[in-house]
Amino acid sequence: MESFEGAAQSSLSGESHLAVEVAGLTKRFGRRTVLSDVSVAIPRGVGFGILGPNGAGKTTLLRTLLGLVRYSSGAMRIFGQPVPSELPALFRRIGAVVDEPGFLPHITGRQNLEMLAAARGDGASKRIDYALERAGLGANSDQKVAHYSTGMRQRLGVASCLIADPDLLILDESMNGLDPAGMQNLRTLMREHVASSRTLIFCSHLLDEVERACEMVAILDKGKVVFQGPIAQIRGQGTALVKIGCDDERRALSVLASVPCATEARFDHHEGIIVVLRAGCDPVHSAVEINRSLLGAGVAVHLIAPERPRLEDWFIELTRPGASTDSSPASSPEVRGR
Amino acid sequence: MIPPRTAWVPDWALIRTRFLELRRHRPLVIAMIGGNLGILLIMITAISVMHAVHPDVAPAGGGSRFTSFVFLMLATGVITAMFLGAIVGSEDLSSKFFRALVTTGRSRLALYLARLPAGLALLAAVIIPTYAVAVGCAVTLLPSRSFEYYYAFSSSTKAPGIHVILAAGGWLLLQLIVVYAITLAISALVGSEAPAVMIATLLVLADLVLTTVMHSHVLWSWLRFVDIEWILWGMRPHFPGIATCCGTLTGLSFSMPGWEQLLALVVWLVVPLGLGAYRSITRDA
């Protein structure tokens, strides 16, 4: 085991531009393998999303990375330092909420943070007020946690990260239970964190939110990484669409057959005409071209909506039962997990 | 000064915040005060009322009453210490706060050890004033000398001496500290409060069985090393009027040298606390 770990550690590049590096990580609970040979590389200063269906191993990956559970084999580094041996020192630079945030219910949100700040040291207690305000809990900080809603607990979880003034912010399902204002606040916070050249790891089922906050993603399924790479790469490889609403669908379809950027056009009773674009065609420019062609042919257009390839479609495709990852574009050498 | 992350000794700030957190556990604090000071006050009031109505009943002072108060406090204090230990030992785990604490980077051992003095401080904050009330009554509400007839010992009607007060207080506190520490360790070991109280109660019952076995089978006297109640009972100071208060207990013989008692006590504290610490360090958060 030790020799294997040694080998696994040496398989890590230890490159300084990486915030997190995981190589060949395997975690078993009894006979059940939850993570199987997982390798992930997260560059510094990016927003990195971790996606996967329920039970895919996302939270276990984060818990293992943070030394909250022991791992079976593999190697990990955070900021080039081996984990878990260097975690006590590394935690000075890490703020993390893994799974649902847990707090003592009989004391206030502020008092919970005071306890965490006392454990943390490093002047964390001076950042409590800022953290509470930033997480949108300023008005409720002196209320007992027992009276907090799920969203308020999530905000307190975020505040507990902020008292660390972290270089690496790890948020696991932190959007759950937040109201729209809370979601917007957290979105802004995540964007600002990444904009200040710090690293964000964001684990969520809300794929739109991951798309907004992150530049890169890893998709886990059944304990394995089935995709890892930039979200832009997914957009580049997926199929873009243009949806059209007009007064004469039959005539529009005949016009669309001769539009160069369209490979297929079909009529749907609920969504109107759906035009599938050629690979590499920009949906906005294509929409302009299609609109011009339709108007030129005398078709009155009342709706034209370009749609970029969505992470959600990609995610569902990759993680659907029986999905062959070899046939998916993710299996290309550029985007497959390392 | 920032404590090093790997330091296993908890610093003052950590212990202080833990104590403040426990102090804000309102139902716990109310139960502790009610279960100790409240019950003692009820007893004192009842005795005083009975004495007022029937002058034959001795007032709530003197050595014999003092002994009764101490043993009442022992009974209520053990229950209090048990529940406090169970809560302090695993409330972080049940609320998942332990995970948040671990991600601060502080040593898990330091987090575990910080709970011990914090809970003890709360226990002392309830027990010491209660004991002061008991002592105050025992010293001020003295019976007249005519009650010596009933007690058969002149010391029973006199105010307990300072040595008796200090020794009895120390012995009471020691008993409660041991119960608290063992229950805390069990709680940290099993990770849940209710099973910890159940196991600690079973331990007390098992000790009672052991005591009985030791007395019916002289050859099994080696069992005294595992009977913590027996060990602590052997450390008791001389209580005034104990013949009238705890007659059955005075019939028991005890032949354990002081160093054996001390050693057994240390083992009884170190082993469970060590196991609790080991579990805290190795458990999944």
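**Helix packing, pockets and a cis bond**

Me: In this predicted model, the axes of helix H7 (residues 162–190) of chain B and helix H8 (residues 193–216) of chain B come within 8 Å and cross at roughly 135°. What makes H7(B) oblique to H8(B)?

Reply: The angle decides. Over 145 degrees would count as roughly antiparallel, and 65 to 115 as roughly perpendicular. The crossing is roughly 135°. That value fits neither class, so H7(B) is oblique to H8(B).

Me: Is the crossing of H7(B) and H8(B) left-handed or right-handed?

Reply: The crossing of these two helices is right-handed.

Me: Which residues in H7(B) and H8(B) meet?

Reply: The cut-off for contact is heavy atoms within 4.5 Å. From H7(B) come B:Ile182, B:Thr183, B:Ile186, B:Ser187 and B:Val190. They meet B:Glu193, B:Pro195, B:Ala196, B:Ile199, B:Ala200 and B:Leu203 of H8(B). By class, this contact has eight nonpolar, two polar and one charged residues.

Me: How do you know which residue of that contact is charged?

Reply: Asp, Glu, Lys and Arg count as charged. B:Glu193 is in the contact, so B:Glu193 is the charged residue. Thr and Ser fall outside the nonpolar and charged lists, so B:Thr183 and B:Ser187 are the two polar residues.

Me: How much space lies in the largest pocket, and which residues are closest to its centre?

Reply: The largest pocket holds about 680 Å³ of space. It is lined by 28 residues, and B:Leu74, B:Gln175, B:Val204, B:Leu208 and B:Glu229 are the closest to its centre. Helix H3 (63–94), H7, H8 and helix H9 (228–234) of chain B each give two or more residues to this lining. H8(B) gives the largest share, eight residues. The lining has 21 nonpolar, five polar and two charged residues.

Me: What elements give two or more residues to the lining of the second largest pocket?

Reply: The volume of this pocket is about 460 Å³. Of its 23 lining residues, A:Gly67, A:Pro84, A:Leu87, B:Arg108 and B:Ile281 lie nearest the centre. The elements are helix H3 (87–90) of chain A, together with helix H5 (108–140) and helix H12 (258–282) of chain B. By class, the lining has twelve nonpolar, five polar and six charged residues.

Me: Why is the largest cavity called a cavity and not a pocket?

Reply: The test is escape. In a cavity a 1.4 Å probe fits but cannot get out, whereas a pocket is an open set. The count comes to three cavities of 30 Å³ or more. The largest cavity has a volume of about 170 Å³. Its lining has 19 residues, with A:Ala96, A:Val97, A:Ser160, B:Ala100 and B:Thr103 closest to its centre. Strand E6(A) supplies the largest share, three residues. The lining divides into ten nonpolar, five polar and four charged residues.

Me: What kind of peptide bond joins A:Val83 and A:Pro84?

Reply: It is a cis bond, with omega about 15°. Most peptide bonds are trans. A:Pro84 is found in the loop between strand E5 (81–83) and H3 of chain A. A:Pro84 is also one of the residues nearest the centre of the second largest pocket.

Me: What is phi of A:Asp99?

Reply: Phi of A:Asp99 is near 65°, which is positive, and the residue is not glycine. Most residues other than glycine have a negative phi. A:Asp99 lies in the loop between E6 and H4 of chain A.

Definitions and conventions
Residues are numbered from 1 along each chain as its sequence is written. Chains are lettered from A and ligands numbered from 1 in the order in which they are written. This is a predicted model: local features need pLDDT of at least 70, side-chain atom pairs count only at pLDDT 80 or more; totals for chains, interfaces and linings use all residues. Side-chain values use heavy atoms; hydrogens and water are left out. Axes are lines fitted to C-alpha atoms, for helices over the stretch in contact, and angles run from 0 to 180 degrees between N-to-C directions. Helices (H or I, at least four residues) and strands (E, at least two) are DSSP runs, numbered from the N terminus. Angles under 35 degrees count as roughly parallel, over 145 as roughly antiparallel, 65 to 115 as roughly perpendicular and the rest as oblique. A crossing is left-handed if the near helix is turned anticlockwise from the far one by less than a right angle, and right-handed if clockwise. On a 1 Å grid over the protein atoms alone, a cavity is a set of points where a 1.4 Å probe fits but cannot get out, and a pocket is an open set with protein on both sides within 12 Å along at least five of seven lines; lining residues have an atom within 4 Å of a point. Grid points are joined across faces, edges and corners, and a volume is the space filled by probe spheres set on the points.
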